[in-house]
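Could you walk me through this model in my viewer, one selection at a time? I would like to know what to click next and what I will find there.

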Amino acid sequence: MAPLDFTGGAVVVTGAGRGIGRAHAHLLAARGASVVVCDPGGDPDGANPSAAPAEQVVKEIVEAGGAAVASTESVATEEGAAAIVRTALDAFGRLDAVINNAGIFRPAPFGETSPQTYQKYLDVHYLGSLLVSRAAWPHLVASGNGRIVNTVSASLLGVPDMIHYGSAKGAVYGLTRNLAVAGHAVGIKVNAVAPGAGTRMVELTGDTLPEGMLEYMMTSMPPELVSPVAAYLAHQSCAVTGEVFNVAGGLVNRMVMVNTPGIVDPELTPETVAERIGEILGTDGAQPVELMLPQTQP
Ligand SMILES: NC(=O)c1ccc[n+]([C@@H]2O[C@H](COP(=O)([O-])OP(=O)(O)OC[C@H]3O[C@@H](n4cnc5c(N)ncnc54)[C@H](O)[C@@H]3O)[C@@H](O)[C@H]2O)c1
């Protein structure tokens with residue numbers, strides 16, 4: 001097939017100063033997109049901001065013949081999100097896709113995380129994705145083929161020591177599904193990737209990963225193998241919406257919520273539930289939960 005081309009289009013990639021976001025920015029720029037490289041820099045938990053990572057990625061893209069500008073605003077405030085979108089409009093006059101990739105991470109046991117920590121993770125992951133999408137929305141509508149690509153994590157399904165991070169990613173999952181419904185009528189498709197890639201972020205997972213996994217990720221799961229899926233989902237030809245894809249080391253599959261056939265009993269009692277819990281949980285014949293798009297609503 002013909003290469004997926006982004007010539008004439010403008011894309012915001014958040015958290016693009018390093019890791020997976022940097023790889024997204026490079027791939028999209030190489031395919032002709034004008035890219036806003038958004039990253040306030042700093043440590044994995046967001047401390048010590050620095051303009052250097054975003055500026056470095058812009059330099060690399062421009063030297064390779066592409067078009068890019070930096071934004072060092074944070075996605076986590078309304079003003080920051082508005083400024084990131086304004087940067088795209090000022091520099092390129094349009095906005096066609098947003099890749100919400102910015103993230104912070106530091107695993108910690110439940111007992112060692114404070115309400116402030118939960119708020120901080122929600123601010124960057126959930127509100128950051130929401131606020132940038134919200135600021136971009138009218139411009140994505142104007143584009144005619146607006147695209148939003150969010151970034152979740154397998155941790156939303158439950159892993160050790162990531163309650164703050166995994167539940168914030170769970171909020172991004174709900175955001176993805178609900179924005180996809182909202183975008184249906186206006187031509188905006190909204191999907192998400194759940195990546196696995198050897199970045200500084202996974203180096204912090206320590207012993208929460210199975211033995212040997214960290215080395216495998218650092219050697220065999222480059223961020224560049226996440227970007228083809230993000231690029232497809234950001235392209236105007238993308239045919240899906242409301243989907244989440246696990247993407248790691250060349251693997252791509254669909255992460256899907258299912259309804260099991262379960263049981264129906266008009267005289268349901270707690271004892272029935274106890275006796276038939278195996279049947280309720282059984283996934284034979286389970287059906288993916290599809291989006292409730294406006295025309296399918298009762
Ligand atoms: N690496 C993995 O295996 C993995 C797994 C699951 C999910 N993720 C997700 O993928 C995304 C990218 O992670 P990564 O592995 O490349 O990590 P990374 O730390 O290398 O990159 C994340 C980038 O986001 C930026 N960022 C942080 N707060 C920001 C803010 N408020 N505004 C804008 N930018 C901000 C950071 O400065 C950093 O450059 C994150 O959302 C992360 O949660 C990664």
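Begin by selecting V244 and M255: M255 is the residue of β8 that forms the bridge with V244. As you click around, keep in mind that this is a predicted model.

Now widen the selection to residues 244-248 and 251-255. These are strands β7 and β8, which run antiparallel and are joined by five bridges. Towards the turn you can pick out another pair, A248 with its partner L251 in β8. The two strands make a hairpin, and two residues sit between them. Click on G249 in that turn, where phi is positive, at about 55°.

How many of the five residues in strand β8 are buried? The count is zero, and the strand is hardly covered.

**Across to β6**

Next, add residues 189-196, which make up β6. This strand pairs with β7 in the parallel sense, again through five bridges. To see one position of this pairing, select P195 and look across to V247 in β7, which stands opposite.

Stay in β6 and select V193, which belongs to this strand. Is V193 buried or exposed? It counts as buried because 27 other C-beta atoms lie within 10 Å, and 20 or more are enough for that label. Show its contacts, leaving out neighbours within four places in sequence, and you will find V149, T151, V226, V229, A230, F245 and V247. For a distance check, draw a line from the C-alpha atom of V193 to that of R147: the two are 46 residues apart along the chain and separated by 13 Å.

**Into the core**

In soluble globular proteins, nonpolar side chains tend to be buried together. Here the largest nonpolar core has 78 residues. Select V11, V12, V35 and V37, the members that touch the most others. Then colour α4, the element that supplies the largest share of this core, with 11 residues.

Zoom in on V11. Beyond residues up to four places away in sequence, V11 touches F6, L28, A33, V35, D96, A97, I99 and A234.

A short move brings up G32, in the loop between α1 and β2. G32 counts as partly exposed because it has 15 C-beta neighbours inside 10 Å. Setting aside residues up to four places away in sequence, its contacts are D5, F6 and T7. F6 is therefore worth keeping on screen, though here simply as a residue to click. From G32, stretch a C-alpha to C-alpha line to H184: the pair is 26 Å apart in space and 152 residues apart in sequence.

**Around the ligand**

Now select the ligand and show the 34 residues around it. Which of them come nearest? They are G15, G19, A102, G103 and T199. The elements giving two or more residues to this shell are α1 (19-30), α4 (115-143), β6 (189-196) and α6 (200-203). Colour the shell by class and you will see 15 nonpolar, 16 polar and three charged residues.

**Two loop residues with positive phi**

Go to N48, in the loop between β2 (34-38) and α2 (52-63). Its phi is positive, about 60°, although N48 is not a glycine. N48 is exposed, since 9 other C-beta atoms are found within 10 Å.

Then jump to D161, in the loop between β5 (147-151) and α5 (163-184). D161 also has a positive phi, near 60°, and is a residue other than glycine. With 19 other C-beta atoms within 10 Å, D161 is partly exposed.

**Zooming out to the domains**

To finish, colour the chain by domain: residues 10-255 are domain 1 and residues 257-298 are domain 2. The centres of the two domains, taken over C-alpha atoms, are 33 Å apart. Where they meet, six residues of domain 1 are in contact with four residues of domain 2. On the domain 1 side, the touching residues are three nonpolar, two polar and one charged.

Definitions and conventions
Residues are numbered from 1 along each chain as its sequence is written. This is a predicted model: local features need pLDDT of at least 70, side-chain atom pairs count only at pLDDT 80 or more; totals for chains, interfaces and linings use all residues. A residue is near a molecule or strand if its C-beta atom, placed from the backbone, lies within 6 Å of it. Helices (H or I, at least four residues) and strands (E, at least two) are DSSP runs, numbered from the N terminus. Ala, Val, Leu, Ile, Met, Phe, Trp, Tyr, Cys and Pro count as nonpolar, Asp, Glu, Lys and Arg as charged, and the others, Gly among them, as polar. A residue is buried if 20 or more other C-beta atoms lie within 10 Å of its own, exposed if 12 or fewer, and partly exposed in between; C-beta atoms are placed from the backbone. Two residues are in contact if their C-beta atoms, placed from the backbone, lie within 7 Å. A nonpolar core is a set of buried Ala, Val, Leu, Ile, Met, Phe, Trp, Tyr and Cys residues joined through C-beta atoms within 7 Å. Domain bounds come from an automatic or database domain assignment. Two strands pair if DSSP finds at least two bridges between them.
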